[in-house]
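Q: Could you take a close look at one part of this model and describe how it is put together, one neighbour after another? I am new to it, so please explain each term when it comes up.

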Amino acid sequence: MRTVNLVSNLRIGIEAIGGEVIGMGIGRGIRVRLPDDRMVVVYPTVGVPTSTTMHEASMNSPDESVAILYDHVGLHPQWLSHLDWLGQYIQATRWVKACEAGWQFADWRA
């Protein structure tokens with residue numbers, strides 16, 4: 001059920017900025033088209049995303065722009081701090097908070 005909520009938030013956010021959810025890809029990846037026609041593969045993750053999550057997503061989509069969608073509500077502040085830190089040093093994939101999907105994808109830079 002939580003995955004359905006993540007995907008719903010993604011769809012609402014993408015459509016709100018004029019993009020489109022295309023469909024499923026490799027390894028639960030969801031292909032989305034941004035308003036400027038760039039493609040991003042989004043991997044929804046239930047629970048605390050980790051560096052392993054980043055690794056799997058980047059290996060499944062090595063030549064594409066990749067995002068990991070997660071729900072930050074209820075995560076311990078220490079985990080959130082760690083995710084911010086990890087995202088600064090590993091930029092092959094990017095973290096996207098489900099409730100901010102529209103805003104983060106509207107400002108997406110490959």
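A: The strands β2 and β3 form a hairpin in which five residues lie between them, and in that turn D37 has a positive phi of about 75°. Strands here, like helices, are DSSP runs numbered from the N terminus (E, at least two residues, for strands; H or I, at least four, for helices). The model is a predicted one, in which local features need pLDDT of at least 70 and side-chain atom pairs pLDDT 80 or more, while totals for chains, interfaces and linings use all residues. Residues are numbered from 1 along each chain as its sequence is written, and side-chain values use heavy atoms, without hydrogens or water.

The two arms of this hairpin, β2 and β3, run antiparallel and are joined by four bridges; strands count as paired if DSSP finds at least two bridges between them. R33 is set opposite M39 of β3, and R33 is also the bridge partner, within β2, of E20. E20 leads to β1, the strand of residues 20–24, which runs antiparallel to β2 (residues 30–33) and is joined to β2 by four bridges. Another pair here is M24, which stands opposite I30 in β2. β1 and β2 form a hairpin as well, again with five residues between the strands, and in this hairpin G27 takes a positive phi near 55°. The two faces of β2 can be told apart, since I30 and V32 make up a covered face, whereas R31 and R33 make up an uncovered one.

How do these strands fit into the sheet as a whole, and in which order do they come? Five strands form an open sheet of mixed pairing, and their order is β1-β2-β3-β4-β5. Its edge strands are β1 and β5, each of which pairs on one side only. At the β5 end, the pairing with β4 is in the parallel sense and extends over five bridges. Within this parallel pair, V66 has T93 of β5 as its bridge partner, and L69 stands opposite V96, which also belongs to β5.

The sheet is also met by helix α2 (residues 51–60), in which T53, M54, A57 and S58 are buried, that is, under 20% relative accessible area with a 1.4 Å probe and protein chains only, where over 50% would be exposed and values in between partly exposed. These four cover an arc of only 125° around the axis (taken from the directions from the helix axis to the C-beta atoms), which puts them on the same side of α2. The buried residues of α2 pack against two strands already met, β3 (39–45) and β4 (65–70), and also against helix α3 (77–89) and the edge strand β5 (93–97).

One residue of α2 shows this in detail, namely T53, which is found in that helix. T53 is buried, with a relative accessible area of 16%. Leaving aside residues up to four places away in sequence, T53 touches T45 and I68, where contact means heavy atoms within 4.5 Å.
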